[in-house]
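Welcome, and please get your viewer ready. We will move through this structure one selection at a time, pausing at each stop to see what is there.

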Amino acid sequence: MSVRTHHCGGTPIITGEDITVRYHRRTVVEVARFDLCDGETHAILGPSGSGKSTLLRVLGLLEKPTHGRVTLDGRPVTAGDKDARMMMAAVFQNPYLFKGTVAENVAYGLRLRGVPRSERDDRVAAALERVGLGGTQKSSALRLSGGEAQRVALARALVLEPRILLLDEPLSYLDPLIKRRLVTDFSEILSAEGVTALYVTHDQDEAMVVADRVSIIREGRVVRTGEVDEVMTLPTDEWIADFIGMDTALRGGIVATEEGIADIMVASEHVHARTDLPVGVDVLIGIRPEDVTLFSGDAELPPSSARNRLRMRVEAVERMGSTDRVSLSSNGLRIAASVSRAASRELGLEPGSEVLALFKATSVRVQSAVGVPTGV
Amino acid sequence: MEVFWYALVDSVKLLFGGDAALYEIIGLSLRVSGISLFLAMCIGVPLGYLIGAHRFCGRGLIIAIVNTGMGLPPVVVGLTVYMLLSRSGPIWDLYLAWVGQDMPRVLYTVTAMIIAQVIISTPLVTGVTLAAIASVPTELRLQARSLGASKLQEAVLTVKEARRGVMAAVAAGFGGIISEVGAVNMVGGNIAGKTRVMTTAIQLETGQGNFGLALALGLILIGISFVIMNGFTRVQQSGGRYER
């Protein structure tokens, strides 16, 4: 499968090349190239069993790949390279705290590095403060709640001031409330620390909050890599679209531009989008369902800056929890809208009904289609 | 029932009567079993870690062998050590061939008793340790490694995590040898003042019809075992608030 690759703007810290991992002849990971750029938080997003944790362990020098090579700052490294491993620290799905106090846990890596006691105590205190657990040094590590335990696990890694932080589904054991709080905290801590992080998750919302770039992995292969916004709004194939809950990106051509707004012909419908690409370029466009607002077909439209106002037909309505996902079409253009349950009821949305769909030119994600496989 | 009562009185009298020979027997028992246990721990704990923490071809077979070793009849161990160390045994021949002179006699010495007891207790320590280590999640070792632990540091952490199980292993090893009579009698010879320990003394006194004395020695042995095992248990159960 040909994949649109996005390498680092700067220099990668870690690069994996031709990584293959096989367990009992079953290929778990097969990645031609993976770059972790300096300073970024890079999410590896994929469903369970897609090999994302294995890829993290290989890149984090915790597991030897069957084939392939990992380089750190351009230098080939292996799982036996102690200096390289000392630059990294990991937080796993289960916090796996060691017996003892919170302080002993957080100090573990510092002790291994021979940091003197007085400095250790200060750094432990600071790290606990950073994760919001200041003053808990003497508590038993095994009597903490799930959220607290995971915070301790993060402190235990952060205290080492690693160049690379490995996070393997750090929040997936937690209940939704704690998870929501922690995902924000983690994201803030990661950007404040300026640490480079590899963040494995199966949760796209989590990835969108924490990550700068994201790689989507399927059956051991990276099927898409790029900036979070781009990857999450422009699914390049049906599988990715399905996985992230969108319609596949649409293919179109720019027919006119005016003041940075392009008129893009998609099927036989016009879509306006903000882009710097010139006339004549073939593009992919994507619109997040949350960015589409629906009005009843005969409504008096309120004043709106939305450049796109399309009369569309409802193809399907799918219940998604608190919202309804509405599939729409018009002249061959197919998009989805996400509307609240109440709005959906009020509009009387059902297959066959007509609605007005509004979305801003800035909500339409545009990318040159050059280099993207033609299957899209 | 009276015989038990007299034995109890006798044991207290003996214990506090200042009988030098008795203290020597108790001392030797503790010394032989203590040194044996220490050596068995030195072998059994690392071995238990290596087997318990790793997946490799033939692991199941090795565990079965270790478990069989846990039930090794002391008499058979005694017999085997006796045959190995005897004048006509292979070690004697090897020593002669390599060193060029007769091997100093090991049979009927404390050394022979220790060798036998190490053979008895090592599988006990190994078997219980490996079960305890195997119950520590492998991800915990991965976590340690990810924080910069070397293989040895990983092992130390794992043994600490399995502390209760490892203490149980040590207790099992000690229990297996402090009460053991078949092997020490065979290779030690129960020589008064040299290789006589509590169990062999009990056997001797019983054989001579001194049931009271034998029983008194038995009670003292059980009492000593209790004190030591209680110590192990205290250590094992300490720090409960840091346990899972």
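How much space lies in the second largest cavity? About 50 Å³. Keep in mind as you look around that this is a predicted model.

**Stop 1: the second largest cavity**

Select B:Ser29, B:Val32 and B:Ser33, then add B:Met113 and B:Gln117; these are among the residues that line the second largest cavity. To complete the lining, add B:Ile177, B:Ile178, B:Glu180, B:Val184, B:Val197 and B:Thr199. Now colour the helices α2 (20-53), α6 (110-134) and α9 (163-178) of chain B, the elements that give two or more residues to this lining. The largest share comes from α2(B), with three residues. If you colour by class, you will find six nonpolar, four polar and one charged residues around the second largest cavity.

**Stop 2: the largest cavity**

Zoom out for a moment: a search of the whole structure finds two cavities of 30 Å³ or more. The largest cavity holds about 90 Å³ of space. To find its centre, select A:Met246, A:Asp247, A:Thr248, A:Ile287 and A:Arg334, which are the closest to that centre of the 14 residues in the lining. Next, show the strands β14 (282-287) and β18 (333-340) of chain A, since each of them is an element giving two or more residues to the lining. By class, the lining of the largest cavity has nine nonpolar, three polar and two charged residues.

**Stop 3: where the chains meet**

Now display both chains together. Which chain supplies 28 residues to the contact, and which supplies 23? Chain A brings the 28 and chain B the 23. The area buried between chain A and chain B is about 2,300 Å², and carbon and sulfur atoms give 55% of that area.

Try switching on the polar contacts: eight residue pairs are found in polar contact across the interface of chain A and chain B, both partners being at pLDDT 80 or more. A look for salt bridges across the same interface finds zero by the rule used.

To see the side of chain A that touches chain B, select α2 (82-85), β6 (88-91), α3 (102-112) and α5 (146-158) of chain A, each of which supplies at least two residues to it. Highlight α3(A) last, as this helix gives the most, with four residues. Coloured by class, this side of chain A shows 15 nonpolar, four polar and nine charged residues.

Definitions and conventions. Residues are numbered from 1 along each chain as its sequence is written. Chains are lettered from A and ligands numbered from 1 in the order in which they are written. This is a predicted model: local features need pLDDT of at least 70, side-chain atom pairs count only at pLDDT 80 or more; totals for chains, interfaces and linings use all residues. Side-chain values use heavy atoms; hydrogens and water are left out. Contact means heavy atoms within 4.5 Å. Buried area is the accessible area (1.4 Å probe) that two parts lose on being put together, summed over both. A salt bridge is a side-chain nitrogen of Lys or Arg within 4 Å of a carboxyl oxygen of Asp or Glu. A polar contact is a pair of N or O atoms within 3.5 Å; within protein, one must be able to donate a hydrogen and the other to accept it, and residues adjacent in sequence count only if both atoms are side-chain atoms. Ala, Val, Leu, Ile, Met, Phe, Trp, Tyr, Cys and Pro count as nonpolar, Asp, Glu, Lys and Arg as charged, and the others, Gly among them, as polar. On a 1 Å grid over the protein atoms alone, a cavity is a set of points where a 1.4 Å probe fits but cannot get out, and a pocket is an open set with protein on both sides within 12 Å along at least five of seven lines; lining residues have an atom within 4 Å of a point. Grid points are joined across faces, edges and corners, and a volume is the space filled by probe spheres set on the points.
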